[in-house]
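Student: Please take one part of this model and look at it closely. Then work outward from there to the rest of the chain.

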Amino acid sequence: SASRILSVNRAFSDITLYEPAEVIGKTPNLLESGRHDAHFFHNMWRSLETEGYWQSEIWNRRKNGDIYPQLLSISVIKDRDGQVQSYVGIFADITNLKASEARLEFLAHHDPLTTLPNRLRLISNLEHAIQVAQRESKQLALLMLDLDRFKDVNDSFGHLAGDELLQHIAKRLTRRLRGADTVARLGGDEFTILLEDISQESDASRVADSIIKALEAPCKLANNIEVRIGVSVGISLYPNHGSTALELLQHA
C-alpha cells in the first residue's frame, strides 16, 4: 500500500523508538519485521476493504532492529461520501505476554528443577515414537532409572544438595545420548530414557551399562561435598513388551 503515516502519539514512539519526525510521511513498511509473507498482508487489506476492520498478532521491528510482537487493530475511517479517508491503527507491545505464555507452555511439559521433559511430555513422545516404529517396523526401548542411595544424600546433606545432585545427573544423562533420544524426569529420583530406532535388543543393554558406569563416578556438589550414588535400570522393548506407552512404562 502507498498509505503514508499522518500522525503518531507518544506511546508509538515509546514502543517503536521512532520520533514522530522520523516516520510522518513515510509508509508503515519501515516497521515491518520480514516475518510475514504477502499472503498475510493480502488478507489484512481484504479484511479492511470488506469489514472495515482488522485485528491480529503481528511481528514488527523497532528502530534499533529488535523484532517484537504486537496486538494490532486497524480501523477504516471514511468520509461522508463513503470513501476511505484514513486508517487508524492501535497496538500494544505483547512481548511480556508472549514470554509468559512460552514459560507456561514450557513448565507444562518440563520438570522445573532439571528442565528435562516431564511425564506428560515423555508419554507424548513415546506415543509418537510407537506410531513411527509401528509404521516403519522398527524397535524402540524404554529405560527406567531409579537412583540408589539418593535418600541418603537428602538425609545427610539436605534437600538443596539433593536438588543439585539431580541437576548433575540430568546433565550426565543428556550428554550420554543421541539427539533423537529423550531423557525425562518422572519425579523424585526417577528418570526415564526413550531410545528410538534401535537396531537390536542388545543396543538398549549397552546404553544401560554405559549409564550405570557414568553415574557411578562421584559428584562434587557445592561446599566441596562429594557424593557417590548408583542407579538401577529397568528396560522394556517395543514391540516385545507392549504396544502402548503405559504398557512399556509399567514393564520398564
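Tutor: Start at Tyr 87. Its relative accessibility is 34%, so Tyr 87 counts as partly exposed. Buried would need a value under 20%, and exposed a value over 50%. Keep in mind throughout that this is a predicted model.

Trp 45 falls in the middle class too: with a relative accessible area of 24%, Trp 45 is partly exposed. Hold on to both residues while we look at the aromatic rings.

Two descriptors matter here. A pair of aromatic rings is described by the distance of the centres and the angle of the planes. Searching the whole structure turns up four aromatic pairs. Take Phe 40 and Trp 54: their ring centres are 5.8 Å apart and their planes stand at 90 degrees, so this pair is edge-to-face. The cut-off for that label is an angle over 60 degrees. Phe 40 belongs to helix H3 (residues 38-51), while Trp 54 belongs to strand E1 (residues 53-61), so the pair ties together parts that are 14 residues apart in sequence. Both Phe 40 and Trp 54 are buried.

Now back to where we began. Tyr 87 pairs with Trp 45, again edge-to-face, at 5.3 Å centre to centre and with 80 degrees between the planes. Trp 45 sits in helix H3 and Tyr 87 in strand E3 (residues 84-93). The two are 42 residues apart, and their pair links distant parts of the chain. Helix H3 therefore contributes a ring to each of these pairs: Phe 40 to one and Trp 45 to the other. The burial classes contrast. Phe 40 and Trp 54 are buried, whereas Trp 45 is partly exposed and so is Tyr 87. Phe 41 comes in as well: ring pairs join Phe 40, Phe 41 and Trp 54 into a cluster.

Next, move along the chain to Pro 117. It occupies the loop between helix H4 (95-109) and helix H5 (119-136). Its relative accessible area is 16%, so Pro 117 is buried. What does Pro 117 touch, leaving aside its neighbours within four places in sequence? Its contacts are His 109, His 110, Asp 111, Thr 182, Val 183, Ala 184 and Arg 185. Leu 104 is 13 residues from Pro 117 in sequence, and their C-alpha atoms are 14 Å apart.

Now the backbone. Most residues other than glycine have a negative phi, and most peptide bonds are trans. Ser 137 departs from the phi rule, with a positive value near 55 degrees. It lies in the loop between H5 and strand E4 (139-148). With a relative accessible area of 69%, Ser 137 is exposed. Asn 224 also has a positive phi, of about 60 degrees, and is not a glycine. Its loop runs between strand E7 (219-220) and strand E8 (226-227). Asn 224 counts as exposed, at 63% relative accessibility. The peptide bond from Tyr 238 to Pro 239 is cis, and its omega is near 10 degrees. Pro 239 is placed in the loop between strand E9 (230-238) and helix H9 (245-251).

That loop between E9 and H9 also holds Thr 244. Thr 244 is partly exposed, with a relative accessible area of 36%. Ile 130 is 114 residues from Thr 244 in sequence, yet the two C-alpha atoms are 7.4 Å apart. Gly 188 offers another link across the sequence. It sits in the loop between strand E5 (182-187) and strand E6 (190-198). Gly 188 counts as partly exposed, at 43% relative accessibility. Leu 147 is 41 residues away along the sequence, with a C-alpha to C-alpha distance of 9.3 Å from Gly 188.

Finally, the whole chain. It has nine helices and nine strands. Its radius of gyration is 28 Å, where a compact globule of 252 residues would have a value near 18 Å. The C-alpha atoms fill a box of roughly 80 × 50 × 20 Å along the principal axes. Buried residues account for 38% of the 252. Of the contacts between residues at least 6 apart in sequence, 53% join residues at least 24 apart. The chain exposes about 14,800 Å², with 49% of that supplied by carbon and sulfur atoms. There are 28 positive and 34 negative side chains, and the centres of these two sets lie 5 Å apart.

Notes
Residues are numbered from 1 along each chain as its sequence is written. This is a predicted model: local features need pLDDT of at least 70, side-chain atom pairs count only at pLDDT 80 or more; totals for chains, interfaces and linings use all residues. Side-chain values use heavy atoms; hydrogens and water are left out. Helices (H or I, at least four residues) and strands (E, at least two) are DSSP runs, numbered from the N terminus. The radius of gyration is taken over C-alpha atoms; the globule rule is 2.2 Å times the number of residues to the power 0.38. Buried means under 20% relative accessible area, exposed over 50%, partly exposed in between (1.4 Å probe, protein chains only). Contact means heavy atoms within 4.5 Å. Accessible areas come from the Shrake-Rupley method with a 1.4 Å probe; for residues, only the protein chains shown count as cover. Lys and Arg count as positive and Asp and Glu as negative; His and the chain ends are not counted. The place of a charge is taken as NZ of Lys, CZ of Arg, CG of Asp or CD of Glu. Rings of Phe, Tyr and Trp (its six-membered ring) pair if their centres lie within 6.5 Å; planes under 30 degrees apart count as stacked, over 60 as edge-to-face and the rest as tilted.
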